[in-house]
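Got a minute to go through some labels and the cut-offs behind them? Here is the model.

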Amino acid sequence: MSYTHPHCPECHGLLQAENKQLHCPACQADYVEKVCCDVCGEQVETLKACGAVDYFCNHCNSLKSKSKVVRSYHMVNQ
Ligand SMILES: [Zn+2]
Ligand SMILES: [Zn+2]
């Protein structure tokens, strides 16, 4: 199982998880993770079951595995 740690889109430093957000100590900025469908680009729903995480795209009406989705990080305006 390979979990790649999220990186800051600005400075490419490692983001730290804080509550439900991600924090970049270098930029002093907070980010939220968006998980989108690889096909249509719409945000997908996160389904958690038995420790495994799957994603569901309401737009394509199909289940997405972890490797199929596209993750991006967006700065939170404060
Ligand atoms: Zn940064
Ligand atoms: Zn889709």
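What follows is a short round of questions and answers on metal sites, salt bridges and burial.

This is a predicted model, where local features need pLDDT of at least 70, side-chain atom pairs count only at pLDDT 80 or more, and totals for chains, interfaces and linings use all residues. Residues are numbered from 1 along each chain as its sequence is written, chains are lettered from A and ligands numbered from 1 in the order in which they are written, and side-chain values use heavy atoms, with hydrogens and water left out.

Q: What makes Cys 8, Cys 11, Cys 24 and Cys 27 donors of the zinc ion (ligand 1)?
A: Their SG atoms sit at 2.2 to 2.4 Å from the zinc ion (ligand 1). Donors are N, O and S atoms within 2.8 Å of the metal (3.2 Å for Na, K and Ca), and water is not among the atoms, so sites may look incomplete.

Q: Why is the arrangement around the zinc ion (ligand 1) called tetrahedral?
A: Because its four donor atoms subtend angles of 100 to 115°. Four donors count as tetrahedral if all angles lie between 85 and 135 degrees; four count as square planar and six as octahedral if opposite donors are over 155 degrees apart and all others between 65 and 115; anything else is irregular.

Q: What about the site of the zinc ion (ligand 2)?
A: It's tetrahedral too, with angles of 101 to 114° among the four donor atoms. The donors here are the SG atoms of Cys 37, Cys 40, Cys 57 and Cys 60, spaced C-x2-C-x16-C-x2-C in sequence.

Q: How do you know whether Cys 37 is buried or exposed?
A: Cys 37 has 3% relative accessibility, so it counts as buried. Buried means under 20% relative accessible area, exposed over 50%, partly exposed in between (1.4 Å probe, protein chains only). Cys 40, at 27%, is therefore partly exposed.

Q: Why is the pairing of Glu 33 and Arg 71 called a salt bridge?
A: Their closest N and O atoms are 3.1 Å apart. The pair ties together parts 38 residues apart in sequence, because Glu 33 lies in strand β3 and Arg 71 in strand β7 (residues 70-75). A salt bridge is a side-chain nitrogen of Lys or Arg within 4 Å of a carboxyl oxygen of Asp or Glu, and strands (E, at least two residues) are DSSP runs, numbered from the N terminus, as are helices (H or I, at least four).

Q: What makes Lys 64 and Asp 38 a salt bridge?
A: Their side chains meet at 3.0 Å, N to O. Lys 64 is buried at 9%, while Asp 38 is partly exposed at 36%.
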